[in-house]
Amino acid sequence: RMGRVWNVLQQMRFTGLAKALNSWIMGHRAVCKAKESLIDGFHSACVTLKVPTAGSSALDKFIFSNSADSLSLRGLNWSPANLKAFVHVLRGADLAGGDHGMVPLMRLRERCDAPLLQHLVVQGNQIMAEGARMLVEGVVECGVPLKSLDIAECRLGEGGAYALVDLLCAPDLPLETLVADNNHLGDRGVAAIVDVVASSARLSRLSIGKNTAGKASGQSFKHMLGETETLAHLDVSWNELRGDAAVHFCEGLALNRSLRELNLSWNAMGDSRCMAALAAALHDCLVEALDLGENRIGPQACFVLASAFQHNAALRKVNFDGNPLTMQGGRELLRCALHGKDGKEVLRSFSLENCAMGTVAPSVFNPAEPAGTYVLDMSDQGSARILRNLIKLTHEGAGELRDATLVTNTPEGDVRRPYDLKGFSADAGSDAWQLPDKGYIEVSFADTRVAPAEEKLGDDIMHSLREQLAGNIASHKKVDVVQAAMGMSQLSFDQMLELLAYIPENETQERVNLVCRCYHRLSSMDDPRKALDVLATEERSLVEKQLGAASFTFFRNNPTGFHRLDLSKPAQREVLLRLIGLKNAMVDLEEAAVKYYQKRGGGERDVLAIGLSWRNARFNQSPMAFSQSWSVPYGGKFDVDFVDLRRPDDKCAAMSDEEFEESVMGKWRETSALLGLFTMSPNSKLKLLREVSNSCYVCCEQVAAMVKQFSPHSSANTRVEIVVTCWARTVDWHGLPNVMLLLTPFEQKVVMNRLGSVNVFDEVMAVGYYELDLSAKMDRFIFQELLHLSVAEPGDNLLHVTYNTLDFTIPLPWLSGDGVPSKGKISFYFVRSPEVQRRIIEQGSYGPGGAGPPPPHSVSTYAEDWWRKLCEEGFVSPTGSDWVYPYRCRRIRHKLAEKFDQIEHCFGRLDHDGSGALDRREITTGLFELGIWLHPQESRQFLEQLDDDGSGSVSLAEFQKFWTQFAP
């Protein structure tokens, strides 16, 4: 086409222009010929060297392009011979010896005003050290202005490393990026390269991963990092920078002011010494992105690094993927995610994939559950960080440090001395605290936090969670991250919904797992129910199954009851943590009870040993006392009877009769239309009662109505559970002793064992009959209380006293509290005059230190008709002593009802001679065999009560009358 243009110009007599165009055409043809000569020369060289011409198309494309400044020869499987052919193209030399008119490549591109070769990629070839030397010589000799060279995976070896050293030392070479990963450069080879990097005025990116860099390289990195002013990106992953090498590297990093991205992954540098050095370097480091993946970094190291992160203002992104951080380490990192230097907020993100966030390291400090006993090596920064965290928790009111001991090693042996941890000021800041730098500190931390926890899931933790959950990680790992981030914090229902949205709807099990992890952490009382309501039917069923019955018997407003927990299940373990928090919330009430009973007569009482809020605790079937320093394990079976000591105040009102009928009794009485059977089982009824009692209060009349719905023969456990469930939610609680009269003696003992004698015994309602075993702590406590009352109150309070079945008079030393035997069985009636009972209700207990008058709302008007008949008008507790004998008959009837459900069976058991009539001996002996002992006088009175016709014996009909008259 250009030739035709030249002919036209000739015909139009534009001679000068035609000559210029002709000159350009001739030059263009010469350049094309020169380019073709370079390609032909490369082919000829490959033929001469007997190697494939792989790469010719890439070389052809670059040579004939007038805009390209990069050449990629990646993955061509070149040998040194191939590279030799390429270098000859750079030089313009014909390896075959022919005359191809070859021009050096860079000179040819200058002639064409084309960009010179600035970016060369030879990754993935087999050029080895020989090829590397040829390439470097060619680049330097031909003046190739390389800005970046990717020579990774080329099997260079240590010899190739020295060729790269020559390249870096070349004068006027504008090299900015060098990638030499996976080249077996060796420790000395890497050290040689790093030694010359410091003198490079332009190199900003260096990647020498997977080259077995070790101790020698560590020293070189220390020098280079302290000297370089241009290196901004460094990748030393997959090396052996551990131990001394890692420490030296970190020492250099502490001096560096140029690095912005650093990849230290896969170096196994997770030991405490390396992490301490890295933490020191990161305090004021300007690195913005740090990769620490797969470095065996454990939870202990996280406490060291977290301290450094909180002093760093530059770091924005940290990768911890593949490290066994566990839940404790992950939680510590997430806590400091947004905290930077001087407390300023930093938008920092952590990558925590495959970090074992769903597991817990049993021997590592857990900031969410700090209770436990610690032995801290103060020469280790991680241990020092843990101690600082524990001291901070005491300042926040979350616990107490107890029995701190500093152990130092001397030539004479270990020296132990108490160490004061209370002198550290919260205002000074943890960095200003002067902690020992050697020796060991042994200390116990008592977690005194109460439930519900005051700490809410903050915006900083939510920000970190969003960063993690939005990443491309598996759903089950997202659940683990959520659990680690929550710690002991509560979250709102809306926060739970936001977290749930990150789990796809088709991953049912993981959505179920997330709801189970959040269930007991929801802050509002109605949130758990709402959490179940938002789930699909299948999901809700799975949640209820996974949470287990233990989760649905626990309610934070009414935790009183028996809890059997499998600590290997997170939801049930969470229940135990909640119970511990509630136990801590009642410490003041327990201390007040201890002080109150210390002032009482009747002898010393070990109230805490008897148990107040925490009763009958067993771990793996072994009895266990409560300790605030107990670190709750992640496995095992735990049983406890928990009693809420908080009583309703005067602002609390019981449900109205209509509300009670609608919420409880009406639903209990619902029957099926087909068979007329109750639609709710006893267990379902109890579950409903627990749910209602969590938000509503009841009165004694309502508790009694529920108890009477069930038979003592077939539903004794249900009757007991009703009383226990309502114990702390009954507004007029001084009427509960009258409710207890509805229970059989056996049921009363079960309630006493579940709730404890200190909680059940009510001195306002102390009138009654007592059978006590002085060897049992609970019975002994009640006897001591009644001894105190009998001394403090006017009148003769103790009637018909027997000790080991014999008539007995209380000795004076007993009344003063001294000499009460530690064993033996004692029975008696405790009575009061009307004046004494009235005075107690109106003014409080007798004697110094006695309780004041009961709150008006706590005084009940409830009493069953048979009991009310024994009381004077205006009282629901009997006064005087006339009530004693009929009450005794009723107790006999109760005990017989426990043994026999039919009168014929009972009568036949007592009728030893089979005569069809009972004489006095048969009645006395038979009752004694059944555990009912009668005083001789009582035996005569009882026979007179039964013998209507005065015949001296009791017929079945007469016994039937008694059976009916005193029926429970």
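Which residue in strand 14 is the bridge partner of Leu376? Select Leu376 and Ile441 to see the answer: Ile441 is that partner. The model on screen is predicted.

**The sheet around this pair**

Now select residues 440-447, which form strand 14, and add strand 11; the two pair in the antiparallel sense over 6 bridges. Widen the selection to the whole sheet, an open one of 4 strands in the order 11-14-12-13, with antiparallel pairing. Strand 11 (372-377) and strand 13 (413-418) are at its edges. Each of these two has a single partner strand, so one side of each has no neighbour in the sheet. Look along the strands next: neighbouring ones are turned by 20° against each other on average, with direction ignored.

**The nonpolar cores**

Move to the largest nonpolar core, which has 143 residues. Select Leu149, Ile151, Phe221, Leu234, Leu305, Phe309 and Phe320, the residues with the most contacts inside this core. Another core, of 82 residues, lies apart from it; Val703, Met706, Val739 and Met752 are among its members.

Go back to Leu234 and show what surrounds this residue. Leaving aside residues up to four places away in sequence, Leu234 touches Leu206, Phe221, Leu225, Phe249, Leu259 and Leu262, and also Glu261 and Asn263.

**The annotated stretches**

Last, select residues 898-933 and 934-968, which an unreviewed UniProt entry annotates as "domain: EF-hand". Keep residues 898-933 selected: the chain here is 56% helix and 6% strand. A distance drawn between the end C-alpha atoms of this stretch reads 16 Å.

Definitions and conventions. Residues numbered from 1 in each chain as written. Predicted model: local features only at pLDDT ≥ 70, side-chain atom pairs only at ≥ 80, totals over all residues. Heavy atoms only, no water. UniProt positions renumbered as here; feature names shortened; annotations may be inferred. Core = buried A, V, L, I, M, F, W, Y, C linked by side-chain atoms within 4.5 Å. Buried < 20%, exposed > 50% of the residue type's maximum accessible area, 1.4 Å probe, protein only. Contact = heavy atoms within 4.5 Å. Pairing = 2+ DSSP bridges. Axes fitted to C-alpha atoms, helices over the stretch in contact; angles between N-to-C directions.
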